[in-house]
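Q: Could you walk me through this structure, one piece at a time? I'm new to this, so plain sentences would help.

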Amino acid sequence: DDDFYDNHDTFVDPVTGALTPNPALTDRFHYRQSIHALYGTWKRSFDRLTVMGGVRLEQAYVDIDQNTTGQTATIRYFRVHPSLHLDYDLAPGQTLRASYSHRIVRPRPDDLNPYPVYQDAFDYSAGNPRLMPQETHSLEAGWSWKAHGASVDVTGYWRRTTDAFTQVTTYVT
């Protein structure tokens with residue numbers, strides 16, 4: 001990604017009558033992101049057990065340049081995202097399943113832009129250029145039964161998320 005975000009606001013100059021940029025509401029933000037990834041999967045059956053594993057290796061480079069304020073940020077990170085899925089056939093129509101996965105959600109460019117962008121006189125948003133990607137470790141285990149056109153699935157899961165980000169609303173006077 002190599003994107004420029006331009007927010008412009010103008011007003012009519014009372015002396016000249018010309019449209020004049022409003023520096024308090026005009027900004028230019030440059031966002032560059034490059035992700036290099038290598039991934040692979042492997043699947044094999046051992047009698048009643050099926051195993052599928054995978055891994056994704058990625059190196060991310062993010063450069064942020066808030067041209068209006070001169071604020072810049074560089075984010076670099078390397079991550080390993082493994083996954084493992086197991087299926088075990090207990091009996092005809094019955095299967096036990098277990099899985100683990102590591103997932104990532106990256107902040108959007110506007111989540112990283114620190115300049116306040118006004119939607120109207122009362123609402124604006126500003127990002128945090130130090131946000132890191134949200135990462136989730138997920139474990140799931142389940143049992144399924146299928147017979148005579150009916151099915152039952154029971155699944156339990158556990159998830160742990162780090163570096164979560166969300167919108168925060170603050171009353172500004």
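A: We can go through one histidine, then some salt bridges, and then the pairing of strands, keeping in mind that this is a predicted model.

Q: Okay, where does His81 sit?

A: His81 is placed in strand 6, which runs over residues 71-91.

Q: And is His81 buried or exposed?

A: His81 counts as buried, because its relative accessibility is 7%, and the cut-off for buried is under 20%.

Q: Which side chain does the side chain of His81 make a polar contact with?

A: The partner is the side chain of His102, and the distance for this polar contact is 2.8 Å.

Q: What else does His81 touch, leaving out residues up to four places away in sequence?

A: Besides His102, the residues that His81 touches are Gly54, Val55, Arg56, Glu58 and Ile104.

Q: Switching to charges: how many salt bridges does the structure hold?

A: The structure holds nine salt bridges. One of them brings together the side chains of Glu58 and Arg106, with a distance of 2.3 Å from N to O. This pair links distant parts of the chain, since Glu58 belongs to strand 5 (residues 49-66) while Arg106 is in the loop between strand 7 (94-105) and helix 1 (109-112), and the two are 48 residues apart.

Q: Are those two buried or exposed, or something in between?

A: Glu58 counts as buried, because its relative accessibility is 0%, whereas Arg106, at 23%, counts as partly exposed.

Q: What does Arg79 form a salt bridge with?

A: Arg79 forms a salt bridge with Glu135, and their closest N and O atoms are 2.5 Å apart. Arg79 lies in strand 6 and Glu135 lies in strand 10 (residues 134-147), so this pair ties together parts of the chain that are 56 residues apart in sequence.

Q: Why does Arg79 count as buried?

A: Arg79 counts as buried because its relative accessibility is 19%, and the cut-off is under 20%. Its partner Glu135 is buried too, with a relative accessible area of 9%.

Q: What about Asp87, which residue is its salt-bridge partner?

A: Asp87 forms a salt bridge with Arg97, with the closest N and O atoms 3.5 Å apart. Asp87 is in strand 6 and Arg97 is in strand 7, and the two residues are 10 residues apart. Asp87 counts as partly exposed at 29% relative accessibility, and Arg97 likewise counts as partly exposed, at 39%.

Q: Which residues are joined into one network by salt bridges that share partners?

A: Arg56, Glu58 and Arg106 are joined in this way. Two of these names came up earlier, because Arg56 and Glu58 are among the residues that His81, which is buried at 7% relative accessibility, touches.

Q: New topic: in what sense do strand 4 and strand 5 pair?

A: Strand 4, covering residues 27-46, pairs with strand 5 in the antiparallel sense over 18 bridges. As one example, Trp42 has Gly53 in strand 5 as its bridge partner. The hairpin of these strands has two residues between the strands, and Asp47 takes a positive phi near 55 degrees there.

Q: And how many bridges are there between strand 5 and strand 6?

A: Strand 5 and strand 6 pair over 18 bridges, in the antiparallel sense. Glu58 appears here again, with Arg79 in strand 6 as its bridge partner. The hairpin of strand 5 and strand 6 has four residues between the strands, and Gly70 takes a positive phi near 80 degrees in this hairpin.

Note on methods
Residues are numbered from 1 along each chain as its sequence is written. This is a predicted model: local features need pLDDT of at least 70, side-chain atom pairs count only at pLDDT 80 or more; totals for chains, interfaces and linings use all residues. Side-chain values use heavy atoms; hydrogens and water are left out. Buried means under 20% relative accessible area, exposed over 50%, partly exposed in between (1.4 Å probe, protein chains only). A polar contact is a pair of N or O atoms within 3.5 Å; within protein, one must be able to donate a hydrogen and the other to accept it, and residues adjacent in sequence count only if both atoms are side-chain atoms. Contact means heavy atoms within 4.5 Å. A salt bridge is a side-chain nitrogen of Lys or Arg within 4 Å of a carboxyl oxygen of Asp or Glu. Two strands pair if DSSP finds at least two bridges between them.
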